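Please open the model in your viewer and keep the selection tool at hand. The tour below proceeds by selections, each followed by a description of what is found there.

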Amino acid sequence: MLKKERIPIIFFALLSLVCGLWTGLTRIGWDARAFALSAHHGAIMVSAFLGTLITLEKIIPLRNKFLYAIPVINASSVAVFFIGQPRVACYITVASSLALSVVFLHYLNKQRSLVYLLMLAGSVCWLVGNILILTKSFYPLAFPWWASFALFVISAERMELMQFLPVATLHKSSFVSLLGMFLIGCFFSFHGAGNLFCGFALIGISLWLMRFDITAVNLKKSGLPQFVAVALLAAYAALLFTGVFFISLPNQWLSYDAIVHSFFLGFVFSMIFAHGPIILPNVLGIRVTHFSPLAYGWLAILHLSWMVRIFGDITVHLVARKVSGAMSAVAIIGYFITLAIVIVRSHRHVKVV
């Protein structure tokens with residue numbers, strides 16, 4: 001059954017995404033008329049968009065309508081950025097990340113599980129990043145903590161799906177150790193040893209996921225399962241390259257840009273592309289009955305876009321960087337439009353049946 005009360009939250013999360021892409025185009029050199037907001041591109045993408053989606057997904061199983069206030073309030077931060085009150089918007093995201101941490105603590109108290117421990121760690125990292133933005137107003141300080149937020153929550157979800165696979169306890173322990181290694185690197189990120197910790201951790205995490213995730217099985221299937229497997233493998237490859245960039249790129253201003261966007265575009269958004277056709281319909285209470293091969297096209301453009309961006313960063317080719325930004329925006333918007341069409345068609349098909 002369609003959960004209509006969740007549609008406005010998803011709408012405002014996607015509106016935050018559009019605003020984030022808009023500000024990103026301005027930052028990269030396009031005349032997108034978002035100069036005042038462009039400084040807060042990172043907060044809009046990570047907190048207003050990604051934070052809202054993750055929070056909405058995690059509160060639904062608790063069946064408490066009062067908890068819907070968390071993603072609603074969090075999504076409202078983008079409107080507060082728009083009216084020129086970034087400090088108030090930061091207070092909102094701090095409160096939202098604190099609330100999500102309490103939600104995960106509740107899960108952990110109910111079920112002592114490594115999965116919920118990792119999710120709790122991820123939400124605390126989101127909270128730390130938001131506090132750093134509020135107190136220091138310097139986005140490079142927040143980036144490693146926001147990256148940890150995405151990395152820990154995504155890793156926890158993959159481990160949850162792998163819990164019935166024959167993965168030895170030793171291998172699971174090594175994976176958690178790699179996540180801890182990345183977290184240690186966050187305390188010194190972009191400063192010598194911190195880069196090495198983060199880089200080697202991401203390389204290890206990506207290789208672990210390639211080895212133990214269920215992608216190999218789904219690659220042999222067709223339709224949506226095969227697309228999910230391809231998107232996951234592409235994400236893990238991007239994570240591997242992010243680790244390499246942490247270690248190998250010289251300490252200059254565009255190295256930061258390369259690391260940030262290979263991680264968030266190549267890894268995080270590829271994971272969103274993989275999980276979107278499953279999670280978003282479930283949030284809406286719809287069973288997907290269709291799959292569009294167009295998703296492969298948007299996935300290819302997404303990954304090509306961050307590769308072009310890395311080329312532009314390394315060679316300081318400003319035109320390549322501008323083109324890459326437009327490609328990323330087209331891929332992400334095109335993907336969500338395609339997903340929306342698939343969901344609507346599935347809903348109508350179920351109603352007719």
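Select helix H13 (253-284); with five residues, H13 gives the most to the lining of the second largest pocket. Helices here are DSSP runs of H or I with at least four residues, strands are runs of E with at least two, and both are numbered from the N terminus. A pocket is defined on a 1 Å grid over the protein atoms alone, as an open set of points with protein on both sides within 12 Å along at least five of seven lines, and lining residues have an atom within 4 Å of a point. The model is predicted: local features need pLDDT of at least 70, side-chain atom pairs count only at pLDDT 80 or more, and totals for chains, interfaces and linings use all residues. Residues are numbered from 1 along each chain as its sequence is written, and side-chain values use heavy atoms, with hydrogens and water left out.

Next, select Glu 57, Leu 161, Ile 278, Ile 279 and Asn 282, which lie nearest the centre of the second largest pocket among its 23 lining residues. This pocket holds about 590 Å³ of space, where a volume is the space filled by probe spheres set on grid points that are joined across faces, edges and corners. At least two lining residues come from each of H3, helix H7 (114-136), H8, helix H12 (223-248) and H13. The lining comprises 14 nonpolar, three polar and six charged residues. In this scheme Ala, Val, Leu, Ile, Met, Phe, Trp, Tyr, Cys and Pro count as nonpolar, Asp, Glu, Lys and Arg as charged, and the others, Gly among them, as polar.

Keep Glu 57 and Ile 279 selected and add Leu 53, Ile 272 and His 275: these five are the closest to the centre of the largest cavity, which 17 residues line. A cavity is a set of grid points where a 1.4 Å probe fits but cannot get out. The largest cavity has a volume of about 310 Å³, and H13 again gives the most to its lining, with seven residues. Its lining divides into 13 nonpolar, two polar and two charged residues.

Now move to the largest pocket, which contains about 750 Å³ of space. Select Arg 27, His 41, Val 260, His 261 and Arg 309, the closest to its centre of the 33 lining residues. Which helix gives the most to the lining of the largest pocket? H13 does, with eleven residues. Of the lining residues, 22 are nonpolar, seven polar and four charged.

For the second largest cavity, select its lining residues, including Leu 224, Pro 277, Phe 291 and Tyr 335. About 90 Å³ of space lies in this cavity, and H15 supplies the largest share of its lining, four residues. No charged residue is part of that lining.

Remain on helix H15 and select Arg 348. Is Arg 348 buried or exposed? Arg 348 is exposed, with a relative accessible area of 58%; exposed means over 50%, buried under 20% and partly exposed in between, with a 1.4 Å probe and protein chains only. Add Leu 108, 240 residues away along the chain: the two C-alpha atoms are separated by 38 Å.

Finally, display the whole protein, which has 15 helices and zero strands. Along its principal axes the C-alpha trace spans about 60 × 50 × 40 Å. Buried residues make up 54% of the 353 residues.
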